[in-house]
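Colleague: I am new to this structure and would be glad of a close look at one part of it, taken slowly and followed outward to whatever else helps me find my way. Please start with a single residue and take the rest in whatever order reads best.

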Amino acid sequence: MADKTQQLKAFERLLIIMDELREQCPWDKKQNLQTLRHLTIEEVYELGDAILDNDLEEVKKELGDVLLHIVFYSKIGSETNAFDIADVCNSICDKLIERHPHIYGNVTVNDEADVKRNWEQLKLKEGKTSVLEGVPKSLPAMVKANRIQDKVAGVGFDWEEPNQVFEKVEEELRELQEEVNEGQQDNIESEFGDVLFSMINYARFLNIDPESALERTNKKFIKRFQYLEQKSKDLNKPLSEMTLGEMDVFWEEAKKI
């Protein structure tokens, strides 16, 4: 692996290339913060896919793409003297030092939970009016629910034992079934949301990231269904003409692969 000097040299190389692209490339010259935003989101999702697939070579490539965007934003910021890459780096360094008084100060912590509680308390001292203030509004609902629960737990608003959370899941399921029986669609949707919220909370107690867990299931389903589609093609028989029993045979085969 590269030493610190080589790492800094590689980063300097990226900064130089960014300068050159911004000056000479028609596409790069045209970009601004708004035009890059959706591309950045896409790159982060691609990084997430690579991590879930445990494809370290792809993780390396996608991290490079994300790093490019950070450098790109910083370059654009420097052109109006708003900020540059040094400001970005120093900003996060200052935040990390301030938020880790147990490393850079005289605060004592016993475990990870203490660190998270201190983190949220420090943010409130910095002027934030709510521990939920830092949860982005545009986050996907499942990710947002997970972050909300994680943040309020950081200030002590949490269950004590996993079994308590599971009991809450069971309670919400019963309430959902009651609303299903009543047939009021709006109430059904509301209770369904409560079930999901409680399940996401339970996942946290099991040390499971619900978004990653669901995406793993998505990938598993896609692979199995594509196996079923291939078998359909091999038999020259469209899926729409196969019975559920026939499809289930191949589905079980796919599960064993």
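**A close look, starting from Phe221**

Modeller: At 47% relative accessibility, Phe221 falls in the class of partly exposed residues, since that class lies between the limits of 20% for buried and 50% for exposed. Please keep in mind throughout that this is a predicted model. Phe221 belongs to helix H11, and its C-alpha atom is 9.7 Å from that of Ala254, although 33 residues separate the two in sequence.

From there we can turn to Met247, a residue of helix H12, which covers residues 244-256. Met247 has a relative accessible area of 18% and is therefore buried. Once its neighbours within four places in sequence are set aside, Met247 is in contact with Leu228, Leu239 and Met242. A contrast in distance is offered by Gly183, which is 64 residues from Met247 along the chain and has its C-alpha atom 32 Å from that of Met247.

Helix H11 (210-234) is also one side of a loop whose other side is helix H10 (185-205), and Asn207 is found in that loop. The phi angle of Asn207 is near 60 degrees, which is a positive value in a residue that is not glycine. As background, most residues other than glycine have a negative phi. Asn207 has a relative accessible area of 74%, so it counts as exposed. A second asparagine can be described in similar terms: Asn81, in the loop between H4 and helix H5 (85-99), also has a positive phi near 60 degrees, and with a relative accessible area of 73% Asn81 is therefore exposed.

Back in helix H10, we find Arg204, a charged residue that is nevertheless classed as buried, because its relative accessibility is 16%. Beyond the neighbours within four places in sequence, the residues in contact with Arg204 are Asn146, Gln149, Asp150, Ala153 and Asp158. Another charged residue with little accessible area is Glu172, which is buried at a relative accessible area of 7% and sits in helix H9, residues 162-182. Not counting residues up to four places away in sequence, Glu172 touches Glu191, Asp194, Val195 and Ser198.

The packing of helices can be followed in the part of the chain around H4, where two helix pairs are described. Helix H1 (residues 4-24) packs against helix H4 (residues 56-78) at an angle of about 55 degrees, and the two axes are 10 Å apart. That angle is why H1 is called oblique to H4, and the crossing of the pair is right-handed. On the H1 side, the contact is made by Phe11, Leu14, Leu15, Met18, Asp19 and Arg22, while H4 contributes Leu67, Leu68, Val71, Phe72, Lys75 and Ile76. Sorted by character, the residues of the contact between H1 and H4 comprise nine nonpolar and three charged, with no polar ones.

Helix H3 (residues 33-52) meets H4 in another way, at an angle of about 160 degrees and with the axes 9 Å apart. With that angle, H3 is therefore roughly antiparallel to H4, and H3 passes H4 in a left-handed crossing. Among the H3 residues that make this contact are Leu33, Leu36, Leu39, Val44, Leu47 and Ile51, and H4 supplies residues including Val59, Leu63, Val66, Phe72, Tyr73 and Ile76. The contact of H3 with H4 divides into 13 nonpolar, two polar and six charged residues. Phe72 and Ile76 of H4 take part in the contact with H1 and likewise in the contact with H3.

It remains to look at the cysteines. A disulfide is a covalent bond between the sulfur atoms of two cysteines. How many disulfides does the structure hold? The number is zero. For Cys93, the closest cysteine sulfur is that of Cys89, and since it is 6.5 Å away, the pair is too far apart for a bond, the cut-off being 2.5 Å. Cys93 has a relative accessible area of 39% and is therefore partly exposed, and Cys25, with 22% relative accessibility, is also counted as partly exposed.

Note on methods: Residues are numbered from 1 along each chain as its sequence is written. This is a predicted model: local features need pLDDT of at least 70, side-chain atom pairs count only at pLDDT 80 or more; totals for chains, interfaces and linings use all residues. Side-chain values use heavy atoms; hydrogens and water are left out. Axes are lines fitted to C-alpha atoms, for helices over the stretch in contact, and angles run from 0 to 180 degrees between N-to-C directions. Helices (H or I, at least four residues) and strands (E, at least two) are DSSP runs, numbered from the N terminus. Angles under 35 degrees count as roughly parallel, over 145 as roughly antiparallel, 65 to 115 as roughly perpendicular and the rest as oblique. A crossing is left-handed if the near helix is turned anticlockwise from the far one by less than a right angle, and right-handed if clockwise. Contact means heavy atoms within 4.5 Å. Buried means under 20% relative accessible area, exposed over 50%, partly exposed in between (1.4 Å probe, protein chains only).
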